[in-house]
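User: Please take a close look at one part of this model. A plain account for a first-year student would be best.

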Amino acid sequence: MQTSLSDEGGGGKGTWGKLLDTDGETHIDRNDPNYDSGEEPYQLVEATVADPLDEYKKKVASIIEEYFTTDDVGQAASDLRELSSIQYHPYFIKRLVSMAMDRHDKEKEMASVLLSALYADVISPAQIQDGFYILLDSADDLAVDILDAVDILALFLARAVVDDILPPAFLTRAKKALPESSKGVLVIQTAEKSYLSAPHHAELVERRWGGSTHITVEEVKKKISGLLREYVESGDTLEACRCIRELGVSFYHHEVVKRALILGMETRTAEPLITKLLKEAAEEGIISSSQMAKGFSRLAESLDDLALDIPSAKTLFQSLVPKAISEGWLDDSFVESYAEDGEVQNGDEKLGQYKKEIVSIIHEYFLSDDIPELIQSLEDLAVPEYNPIFLKKLITLAMDRKNREKEMASVLLSALHIEIFSTEDIVNGFVLLLESAEDTALDILDASNELALFLARAVIDDVLAPLNLEEIGSRLPPNCSATETVRMAQSLVSARHAGERLLRCWGGGTGWAVEDAKDKITKLLEEYESGRVVAEACQCIRDIGMPFFNHEVVKKALVMAMEKKNDSMLDLLQECFGEGLITINQMTKGFTRIKDGLDDLALDIPNAREKFSFYVEHAQEKGWLLPTFGSSVADGSH
């Protein structure tokens, strides 16, 4: 039986035949003198479509290899930006760490330094977290090739927390998301137990790989100040540019710009040299246009403060901006943003004046440590609607100083609360602070961590309630770095021994004195109960020397009266109030703290509500409490 080719879609008589004849029946003799390669039958070859992620992984592997060879952070950051594949940055983190894990300590240290450099500037905080989660998720696979993978990964994780590129709360969230039996969970546990809970853990973690390439922000600032001073003395622009390049912190060059401009304002004879250096650094590509604009922006924001030391700061700055633009080393888009800011400031002269005055008041407080004087100065200004702005300025100035000033700022918040600041003022002030957290981070690299500590400390000091942290978080945009700061604060507050740790968070100082004061208050009340010598008890309260903390005397006296069914404590409170030793504000705050904690108190003292109602009635009769204090115990406990 004969089968027609036309049945298979091929050609029969009077047809074109098959377009692609691949049945192998036509034979072409390649030795034929008339052989034409074009007559060879076509063959369809399956082409593979390149996966963009695979392409990205190949390119970043090359960038990482080059970085390990050159140790050039700026070049690595630039190369990563040029890839324009932002969505894949979490995989860069995985590749960088996994490649470093299989190398020497030098490369491990370099990898950690690079991550800190890229944080926020090139890779967003959310992507850093995603990258570390991918790493943890692949810990089982990594452990097959690298025997001590768990310990190395744990150290990378701890280092990221210490370097403030990962919030501590990330560890808890990641642990919940990973399978319990996975190596990733073991990595987190190792990081927490072996590294992050150890004494002096930050120093231990930072120096574990030798720390040869690690440099702290403070060290960078010192080096920048040093090289600028040397440049002004020598006038050697090439040498100064070399020093800036050698710092190896291209992501922090805005600090060079800001400090250079301030030096030019302070020493007028140095201005021509400073402008020459900045112009040269811009033309050579050492300082990028974005870093130059950041430096100018940061200076613009601090002009009010700067004018206290350099009265002509604003005039000098306004004359410098057009010069920098005309010479091509400052982008002209800076003028638009600066003009907008200027209009806002000019539109509210009263607020501008207030900001100047509170900067002076805060500086004076940091020198004198005189809380009553500061409170009097604020009352004299008579603008309570600006209280949140005062809080923002206080903490911003403290963050750029030493631990002593940070401690003083926390203690001052305790004193201001109830005395002249409402809880709403405190909440609004922290919201203002957190809304500008990204700008603050330009000046203070570990701003997120420090803000979290201030928030957590405010809770421990009873300035804020834990619920206030939720309120603050709800007023911020979701998934922003400020929301992460609030979560970090909540994590710090809920940690074991949080009270003791947070009271010592700035190195002990007055915070530990507060804890000492609590012990002294308990002892003096116990002695008073035994001897009933009112004058001696009052003198002991005076000797503690912390009038802003007298609400603790009120609280402890009332609790002791409830526990021991001894109302003689009311006589002591009456004497303290009559002498002016305990103010109406401190008395009200003490009663408010009892009111807020009645549910817990009632577990130990069954008749706590009944007793408290009696104390409130007595206090109101004697005029101890502000009229704003609610007399209903029920309102305070539900």
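Analyst: A crossing of two helices is left-handed if the near helix is turned anticlockwise from the far one by less than a right angle, and right-handed if clockwise. With that in hand, the part chosen here is the pair formed by helix 21 and helix 22, whose crossing is left-handed. The model is predicted, and the account below describes that model.

The axes of helix 21 and helix 22 come within 8 Å and cross at roughly 160°. Angles over 145 degrees count as roughly antiparallel, so helix 21 and helix 22 are roughly antiparallel to each other. On the helix 21 side, the contact is made by Phe390, Leu391, Leu394, Ile395, Ala398 and Met399. They meet Glu405, Lys406, Ala409, Leu412, Leu413 and Leu416 on the helix 22 side. Sorted by class, the contact has 10 nonpolar and 2 charged residues, with no polar ones. There is a general reason to expect gaps in a list of contact residues along a helix: an α-helix has 3.6 residues a turn, so residues three or four places apart point the same way.

Helix 22 runs over residues 403-416, which is 14 residues. From its first C-alpha to its last, helix 22 reaches 20 Å, close to the 20 Å expected at 1.5 Å a residue. Helix 22 is mostly covered, with 12 of its 14 residues buried. The buried residues include Glu405, Lys406, Ala409, Leu412, Leu413 and Leu416, which are also the residues that meet helix 21. Others that are buried are Glu407, Met408, Ser410, Val411, Ser414 and Ala415.

At the other side of the pair, consider what comes before helix 21. Ala382 is in the loop between helix 20 (371-381) and helix 21 (387-399). Ala382 is exposed, because its relative accessible area is 54%, and the cut-off for exposed is over 50%. Its phi is near 55°, a positive value in a residue other than glycine. As background, most residues other than glycine have a negative phi. Arg532 can be set beside Ala382: the phi of Arg532 is near 60°, again positive in a residue other than glycine. Arg532 is also in a loop, the one between helix 29 (509-531) and helix 30 (534-544). With a relative accessible area of 46%, Arg532 is partly exposed.

The pair also has a link to helix 25, through Glu450, which is in that helix. Leaving aside neighbours within four places in sequence, Glu450 is in contact with Met399, Lys406 and Trp506. Met399 of helix 21 and Lys406 of helix 22 both belong to the contact described above. Glu450 is buried, since its relative accessible area is 9% and buried means under 20%. Glu450 and Cys505 are 55 residues apart in sequence, yet their C-alpha atoms are 9.7 Å apart in space.

Helix 25 (447-460) leads on to helix 27, for helix 25 is among the elements that cover the buried residues of helix 27. The others named in that cover include helix 5 (125-137), helix 8 (168-177), helix 23 (423-435) and helix 26 (466-474). The buried residues of helix 27 are Ala482, Thr483, Glu484, Thr485, Val486, Met488 and Ala489. Helix 27 covers residues 481-494; at 1.5 Å a residue its 14 residues should span 20 Å, and its end C-alpha atoms are 20 Å apart, which agrees.

For contrast, take another pair. The axes of helix 12 (residues 237-247) and helix 14 (residues 271-283) come within 10 Å and cross at roughly 60°. Helix 12 and helix 14 are therefore oblique to each other. Here the crossing is right-handed, whereas that of helix 21 and helix 22 is left-handed. Thr237, Ala240, Cys241 and Ile244 in helix 12 make contact with Lys276, Leu277, Glu280 and Ala281 in helix 14. By class, that contact has 5 nonpolar, 1 polar and 2 charged residues.

In short, helix 21 and helix 22 lie roughly antiparallel, with a contact that has 10 nonpolar residues, and Glu450 touches a residue of each, Met399 and Lys406.

Note on methods
Residues are numbered from 1 along each chain as its sequence is written. This is a predicted model: local features need pLDDT of at least 70, side-chain atom pairs count only at pLDDT 80 or more; totals for chains, interfaces and linings use all residues. Side-chain values use heavy atoms; hydrogens and water are left out. Axes are lines fitted to C-alpha atoms, for helices over the stretch in contact, and angles run from 0 to 180 degrees between N-to-C directions. Helices (H or I, at least four residues) and strands (E, at least two) are DSSP runs, numbered from the N terminus. Angles under 35 degrees count as roughly parallel, over 145 as roughly antiparallel, 65 to 115 as roughly perpendicular and the rest as oblique. Contact means heavy atoms within 4.5 Å. Ala, Val, Leu, Ile, Met, Phe, Trp, Tyr, Cys and Pro count as nonpolar, Asp, Glu, Lys and Arg as charged, and the others, Gly among them, as polar. The expected span of a helix is 1.5 Å times one less than its number of residues. Buried means under 20% relative accessible area, exposed over 50%, partly exposed in between (1.4 Å probe, protein chains only).
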